[in-house]
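Student: Could you take me on a close look at one part of this model, the aromatic residues and the core around them?

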Amino acid sequence: MVQHYDPYNFSPKNSLGYLLKTNHQLMHECADRVFANHEMTFMQWLALVKLKDGVADTASDLCRSMSHDNGAITRMLDHLEGRGFVERERSQQDRRVVKLRITDAGRAELAELTPPFIENLNKALEPFSAAEFAELNRLLGKLKTCFEQVTASAEEKL
């Protein structure tokens, strides 16, 4: 087995976790600047994207997919619903479940804000060639699969 880290000279500044977390934070800051002149945050935009794409259809789904707590997601949904971008509807199959639906106004807001977000993202990624970007995505996908397998294996042992 390849040992990528040495416990005796490990430095957090060069660790995968530090680099991923730092890049994640910087990406959010970069995205927040795009939305600064609009009445929407990057996280609100992302929630609308997840609803539109069917990645989530309940507040619990959004909590899991966005790694946020229930309170933060509820406040965000209250705001999005107040602006007419999201509708809540109690499930007919299970009255305890509240389904979320993006409205036409929410879709229109996404249509307006997505192009400047994508432009900003592409600008940040300009130094990458197409091949480098494809390789980065491939490696990050492989890393995700590795962590999913480790997690599944650990859960099986419980």
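Tutor: Happily; here is a walk through the aromatic cluster and then the nonpolar core. A word on the ground rules: this is a predicted model, where local features need pLDDT of at least 70, side-chain atom pairs count only at pLDDT 80 or more, and totals for chains, interfaces and linings use all residues. Residues are numbered from 1 along each chain as its sequence is written, and side-chain values use heavy atoms, with hydrogens and water left out.

F35, F42, W45 and F117 make up one aromatic cluster; rings of Phe, Tyr and Trp (its six-membered ring) pair if their centres lie within 6.5 Å, with planes under 30 degrees apart counted as stacked, over 60 as edge-to-face and the rest as tilted. The count comes to 7 aromatic pairs. One of them joins F35 and W45, tilted, at 5.7 Å centre to centre and 40 degrees between the planes. F35 sits in helix α1 and W45 in helix α2, so this pair ties together parts 10 residues apart in sequence; helices are DSSP runs (H or I, at least four residues) and strands likewise (E, at least two), numbered from the N terminus. F35 is buried at 2% relative accessible area and W45 is buried at 6%, where buried means under 20%, exposed over 50% and partly exposed in between (1.4 Å probe, protein chains only).

W45 also forms a tilted pair with F117, 4.5 Å centre to centre and 45 degrees between the planes. That pair links W45 in helix α2 to F117 in helix α5, 72 residues apart.

Now the core: among the 26 residues of the largest nonpolar core, W45, L48, L62, L80 and V86 touch the most other members. Such a core is a set of buried Ala, Val, Leu, Ile, Met, Phe, Trp, Tyr and Cys residues joined through side-chain atoms within 4.5 Å. Helix α2 gives the most to this core, with 7 residues.
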